[in-house]
Amino acid sequence: MGLFAKIFGKKEQDKPKEFELVDGVFVNEKGEVYGEFELKTPFNGQEFVHKLPINTTAEKLEEDYKRNQANKANPNSCEREPNEDEIKFPRKDIDGKYFPVIFDIIRRKNYSAISNGYNNIIISKKEFEELESRLNEHNKHNAILNKTVELNNKGIQLEKDGDIDNAIQVYEENILLGYPAMHSYERLMVLDRKSNDIQNEKRVIEIVIKVFSNANQQRAKQAIDNNPE
């Protein structure tokens with residue numbers, strides 16, 4: 001009975017008092033810090049929540065804070081120096097130039113760097129080549145999108161002006177770009193139907209099926225690449 005009393009009979013007032021530093025993170029009178037900290041980061045219109053377990057001391061936290069601040073003040077700060085097949089990649093480019101095309105591996109490295117205050121991460125040259133390829137595709141995609149919008153608007157205005165022949169020419173130019181936006185395809189099908197040009201309407205329908213099938217395959221591949229799990 002005496003043993004059980006020693007193990008389980010500790011009075012409540014003898015336990016070290018704990019105080020909540022932030023939601024889910026506590027510190028007691030001994031300076032022990034424990035709990036779970038949530039790191040929220042926005043990306044591509046979504047908010048990602050990462051739960052970081054904490055088991056440390058007040059002294060260790062103070063040391064980490066000072067080191068973190070020193071890392072932030074150093075533009076070259078990084079976890080380590082890159083190997084021969086790696087490069088030091090600025091974190092500012094993750095939220096800037098490459099923001100639309102960042103993939104999961106680099107995103108995780110970025111989160112780790114944020115927690116330590118580093119201004120750079122280490123990525124392989126192969127990962128950098130993948131980033132460049134994605135960025136080029138992204139810029140190309142946006143250029144085609146902008147041209148598609150421009151031609152759609154031009155065709156709409158020509159139709160409003162009653163210039164149907166030139167509107168058809170503009171819409172035909174637009175579908176050659178191959179961007180999956182329906183307006184030009186729909187207007188060509190409607191105008192072909194009105195003029196009883198069934199063969200041309202059929203041709204446009206076949207192009208629509210091909211363009212949107214390819215677009216769906218690309219979206220599926222991108223979704224799988226970004227979320228392989």
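Good morning. I begin with helix α2, which gives the most to the lining of the second largest pocket, with seven residues. Please keep in mind throughout that this is a predicted model.

Let me stay with that second pocket for a moment. The volume of the second largest pocket is about 640 Å³. Its lining consists of 21 residues, and those that lie nearest the centre are F37, I54, L61, D64 and S115. Which elements supply at least two residues each to this lining? They are β1, covering residues 18-22, β3, covering 32-43, β4, α2, covering 58-73, and α4. As for chemical character, the lining of the second largest pocket comprises twelve nonpolar residues, seven polar ones and two charged ones.

I turn now to the largest pocket. It holds about 1,300 Å³ of space. There are 36 residues in the lining of the largest pocket, and E137, H141, Q218, R219 and Q222 lie nearest its centre. Two or more lining residues come from each of β4 (46-57), α4 (104-116), α5 (125-160) and α8 (198-226). How do the residues of this lining divide into nonpolar, polar and charged? The division for the largest pocket is 13 nonpolar, twelve polar and eleven charged. Readers of the model may note that β4 and α4 give at least two residues to the lining of the second largest pocket, and that β4 and α4 also give two or more to the lining of the largest.

Next, the strands. We met β1 as a contributor to the second largest pocket. Strand β1 pairs with β2, residues 25-28, in the antiparallel sense, over four bridges. Within this pairing, V22 stands opposite V25 in β2, and E20 stands opposite F26 in β2. Together β1 and β2 form a hairpin, with two residues between the strands. In the turn, G24 has a positive phi of about 85 degrees. As a general remark, side chains in a regular strand alternate between the two faces of the sheet.

Finally, I would like to consider one residue in helix α7. V190 has its place in α7, which spans residues 182-194. Is V190 buried, partly exposed or exposed? V190 counts as partly exposed because its relative accessibility is 33%, and the partly exposed class lies between 20% and 50%. How far apart are the C-alpha atoms of V190 and D64? They are separated by 66 Å, and the two residues are 126 residues apart along the chain. D64, as mentioned, is one of the residues nearest the centre of the second largest pocket.

Thank you for your attention.

Terms used:
Residues are numbered from 1 along each chain as its sequence is written. This is a predicted model: local features need pLDDT of at least 70, side-chain atom pairs count only at pLDDT 80 or more; totals for chains, interfaces and linings use all residues. Side-chain values use heavy atoms; hydrogens and water are left out. On a 1 Å grid over the protein atoms alone, a cavity is a set of points where a 1.4 Å probe fits but cannot get out, and a pocket is an open set with protein on both sides within 12 Å along at least five of seven lines; lining residues have an atom within 4 Å of a point. Grid points are joined across faces, edges and corners, and a volume is the space filled by probe spheres set on the points. Ala, Val, Leu, Ile, Met, Phe, Trp, Tyr, Cys and Pro count as nonpolar, Asp, Glu, Lys and Arg as charged, and the others, Gly among them, as polar. Two strands pair if DSSP finds at least two bridges between them. Buried means under 20% relative accessible area, exposed over 50%, partly exposed in between (1.4 Å probe, protein chains only).
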